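Let's walk through this one together. Keep the viewer open and follow along as the headings go by.

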Amino acid sequence: MNSAAAAITAYAFDELPPDVLADWCRLRAAGSLYDSPYFDPRFAAAVHSVHGDVTVLAGPDVVFAVQCSARTARPVGWPGTDFQGPIVGPRSTFDPRAALSALGVAALPFDHLVDPGGHFTQYVDGIRRSPYVEIDGGLKGYRGRASKSGRANLAQAQRQARKLIDEYGELRFEPDSTDRDVLLRVIEMKRAQYRATGARDHFAAPGRRELLEVLLGIRDPDFSGVLSGVFAGDRIVAGHFGIRSASVLHWWFPVYDPEFRAYAPGWILMRELIASSMTTGVSRIDLGRGEDLYKRHVMTGHGDVAYGLVAGPGLRGVHKMQETVRSAIESSPVGSVARTVLRRHRSRSTRSVLRTERRPNWLSSRS
């Protein structure tokens, strides 16, 4: 074992020493790039309570929570984590290959990496935008920062809400519900959306619904699950489940009832969340990586996240070849059909890898 690997210790989450937890909180508090709730140790604790497999790497000025399966380590919460990576201080000399040695794995994929220290640079395949919405000051504050299209869509949402009231009666908005039945309805609607769009069903995998239930039950003042909804009577028009850390809310699983599509229900929900910030104390909504049209309209800024793979030269070579093929397929004129075929191929490849355990699967990701 080289000296860099020897300086890193791997702990099962439920055996985490108090001083490592203290370092985790200290390092996170020192850098605003780590204010996402995904970097909060209570998120890792929730994941561990469901799956029981969270490992924490700790070394000089670095803490990194992961989950290991066979010969692959993945950032904690994968593939549902929209911000990933180690929490590092300015004096850290963290080496990702040393993390592989400390964990006894061959590969560590990432697809939403925050890497202010540039420790993963040689393993990055690309950078994507991760939009956010600054909502400090409520609707008035947002309008002062928003693009013309953002202001126009919120104005349209107000008009559409009036039409909904005319046709369905009074609307109500619940910014922070604790109703488990509402959560289950949001998940049910989200699964129906996955089926309708042909996307991979995130909640088909064991434990992912349970994780949201655990997070909903956390009511700490500076960390919690957040369930919001717009209702017409007892019927949910649009809903969202996210997680919050202090004043940052992460936009995670939004959905609306297709019957209300004509009323722009997603924008009504977003407008209500922005308006409620004056009482909830939320000052920023992180939207997660993606170029969805509504994100481009509502965003007031963006950060960057990286995707790639930490592995030895052999696996990196195979990975780069797969990335080249995937990029060529997805940019082809039959890209939408090819993406469906590619997802099925990935699924078959994953099952093959899990059977043989000869090679880690680093391509599995949330659709």
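What follows is a short tour of the fold, its packing and a few odd backbone spots.

## The overall picture

Keep in mind that this is a predicted model. The protein chain has 12 helices and 14 strands. Of its 367 residues, 51% count as buried.

Long-range contacts make a strong showing here: take contacts between residues at least 6 apart in sequence, and 73% of them join residues at least 24 apart.

## Two nonpolar cores

The largest nonpolar core takes in 63 residues. If you want its best-connected members, look at Trp24, Phe43, Leu215, Phe241 and Trp252, which have the most contacts inside it. Helix H7 (residues 180-197) supplies the largest share of this core, with 6 residues. Apart from it lies another core, this one of 31 residues, including Leu249, Trp251, Tyr263 and Met270. As a general point, nonpolar side chains in soluble globular proteins tend to be buried together.

Leu215 is a good residue to click on. Leaving out residues up to four places away in sequence, Leu215 touches Phe43, Ala46, Phe223, Ser224, Gly225, Phe241, Ile243 and Trp252. Among those partners, Phe43, Phe241 and Trp252 are also on the list of residues with the most contacts inside the largest core.

## One cavity

How many cavities of 30 Å³ or more does a search of the whole structure find? Just 1 turns up, and its volume is about 100 Å³. There are 13 residues in its lining, and Tyr38, Phe39, Ala65, Val76 and Gly85 lie nearest the centre.

Strand S3 (residues 62-69) gives the largest share of that lining, 3 residues. By type, the lining splits into 10 nonpolar residues, 3 polar and no charged ones.

## Strand S7 and its partners

Strand S7 (residues 124-134) pairs with strand S14 (residues 301-311) in the antiparallel sense, over 8 bridges. To find the register, look for Tyr132, which stands opposite Gly301 in S14.

S7 also runs antiparallel to strand S13 (residues 284-286), and 3 bridges join the two. On that side, Val133 stands opposite Ile285 in S13. In a regular strand, side chains alternate between the two faces of the sheet.

## Backbone oddities

Most residues other than glycine have a negative phi, and most peptide bonds are trans. A few spots here go the other way. Trp78 and Pro79 are joined by a cis peptide bond, with omega about 0°. Pro79 sits in the loop between strand S4 (72-75) and strand S5 (87-88).

Asp61 isn't a glycine, yet its phi is positive, about 65°. You'll find Asp61 in the loop between strand S2 (54-59) and S3. Is Asp61 buried or exposed? Asp61 is buried, because its relative accessible area of 10% falls under the 20% cut-off. Ala70 is another non-glycine with a positive phi, near 55°, and it belongs to the loop between S3 and S4.

## A stop at Ala30

Ala30 is part of helix H2 (residues 18-30). Its relative accessible area is 69%, and anything over 50% counts as exposed, so Ala30 is exposed. Ala30 and Ile87 are 57 residues apart in sequence, and their C-alpha atoms are 10.0 Å apart in space.

Terms used: Residues are numbered from 1 along each chain as its sequence is written. This is a predicted model: local features need pLDDT of at least 70, side-chain atom pairs count only at pLDDT 80 or more; totals for chains, interfaces and linings use all residues. Side-chain values use heavy atoms; hydrogens and water are left out. A nonpolar core is a set of buried Ala, Val, Leu, Ile, Met, Phe, Trp, Tyr and Cys residues joined through side-chain atoms within 4.5 Å. Buried means under 20% relative accessible area, exposed over 50%, partly exposed in between (1.4 Å probe, protein chains only). Helices (H or I, at least four residues) and strands (E, at least two) are DSSP runs, numbered from the N terminus. Contact means heavy atoms within 4.5 Å. On a 1 Å grid over the protein atoms alone, a cavity is a set of points where a 1.4 Å probe fits but cannot get out, and a pocket is an open set with protein on both sides within 12 Å along at least five of seven lines; lining residues have an atom within 4 Å of a point. Grid points are joined across faces, edges and corners, and a volume is the space filled by probe spheres set on the points. Ala, Val, Leu, Ile, Met, Phe, Trp, Tyr, Cys and Pro count as nonpolar, Asp, Glu, Lys and Arg as charged, and the others, Gly among them, as polar. Two strands pair if DSSP finds at least two bridges between them.
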